[in-house]
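This briefing covers strand pairing, burial and surface character. The sequence and structure come first.

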Amino acid sequence: MTDRLITHLRHVDLAVPDLARQQDFYTGAWGLAEEHSDTGISFLAAEGSPEQYVVRLRQADDKRIDLIAFGVATPADVDTLAVRLATAGVTLVHEPRVLDTPGAGYGFRFFDNEGRTIEISADVAIRAHRRIEEGESVPVRLSHVVINSADPEGTRAFYERHLGFRLSDTLMHPRMGEMMYFLRINAWHHSLAIARGPHPSLHHASFELRGLDEYMRGTGRLLRAGVEKIWGPGRHLAGHNTFSYFLDPHGNTVEYTTELEQVDEDAWHPQLHDFSKPEVSDQWGTANAMDEFVAKKSFNDPDKGLFVAPPV
């Protein structure tokens, strides 16, 4: 097994045709804070997170995932991963260098097996952040990112082989086979998950709230604001986390969650969960049924950024 140098998820970067509308949603209803901005770019932070930003929005003609970013402990680990990937034939977008994004740091970018741009970095400056107060229903951190893949087995193998991700659990269906792989890079049950889909795209980005009360308050605030909910509120079996899924103005699925499981990595054994059983998708039984409508919403549009690195 590849030794694991990645320590955590940093941010997810999205390109959208209507930047102002997207900014208004994420800094308004969703509860992120614009920490930095530049021409055509907005860097959004979670109030409780030490990361400089957890979402980057960029004005572009086409909607796409610009990149998904992960952190490592040291610049030496950045160099080690870059050499490892290049030696294995993975295409680097750029070699390790000083980054020119907020917080600077040292990192590199590469294409994964399906052409998504991935960034690895270290020594990014810690952002001044604060403790989220009781009853305050804003995101504490970016919890996890789920991607759709036309080749989920190959994508899982890429992240395990080259980056040291480990399997926590698998969702399966008696007729459709294995449908989602939950992968971890630390004790959190998953920081990345890979869903079987018709094309590579963003399935959803998930944001952790302080606790159960704050999660429900946030869910209620979004419903009152008229944000389209596609699934929830409920509690998954895999990961044991709560879920409320909404659509942002460009049709990306975003999730409020809390109480994601932390596993004992030395003792954990991955489980195969049959999500045709209602209690697997939602232990509480409070969410609307997982049906074709919900699934199609999270398929999202085909990603137009594959094997095309973002300009910044």
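The points below are grouped by topic.

The model is predicted. It contains an open sheet of 9 strands with mixed pairing, and strand S1 (residues 6-16) pairs with strand S5 (residues 64-72) and with strand S4 (residues 55-59).

**The open sheet**
- The strand order is S14-S15-S16-S13-S9-S12-S11-S10-S17.
- Strand S14 (229-235) and strand S17 (271-274) are at the edges; each has a single partner strand, so one side of each has no neighbour in the sheet.
- From one strand to the next, the twist averages 20 degrees.
- Within this order, strand S15 (residues 242-247) is antiparallel to strand S16 (residues 253-257), with 4 bridges between them.
- Tyr-245 is placed opposite Glu-255 in S16.

**Strand S1 and its partners**
- Strand S1 (residues 6-16) is mostly covered, with 9 of its 11 residues buried.
- S1 and strand S5 (residues 64-72) are antiparallel and share 8 bridges; His-11 is opposite Ala-69 in S5.
- S1 and strand S4 (residues 55-59) run parallel and are joined by 5 bridges; Leu-14 is opposite Leu-57 in S4.
- In a regular strand, side chains alternate between the two faces of the sheet.

**Nonpolar surface patch**
- Leu-212, Met-216 and Trp-284 make a nonpolar surface patch of about 260 Å².
- Met-216 lies in helix H4 (residues 212-224).
- The relative accessible area of Met-216 is 39%, so this residue is partly exposed; patch membership requires over 30%.

Definitions and conventions. Residues are numbered from 1 along each chain as its sequence is written. This is a predicted model: local features need pLDDT of at least 70, side-chain atom pairs count only at pLDDT 80 or more; totals for chains, interfaces and linings use all residues. Side-chain values use heavy atoms; hydrogens and water are left out. Two strands pair if DSSP finds at least two bridges between them. Helices (H or I, at least four residues) and strands (E, at least two) are DSSP runs, numbered from the N terminus. Axes are lines fitted to C-alpha atoms, for helices over the stretch in contact, and angles run from 0 to 180 degrees between N-to-C directions. Patches are made of residues with over 30% relative accessible area and no salt bridge: like charges are joined within 9 Å, nonpolar side chains (Val, Leu, Ile, Met, Phe, Trp, Tyr) within 5 Å. Accessible areas come from the Shrake-Rupley method with a 1.4 Å probe; for residues, only the protein chains shown count as cover. A salt bridge is a side-chain nitrogen of Lys or Arg within 4 Å of a carboxyl oxygen of Asp or Glu. Buried means under 20% relative accessible area, exposed over 50%, partly exposed in between (1.4 Å probe, protein chains only).
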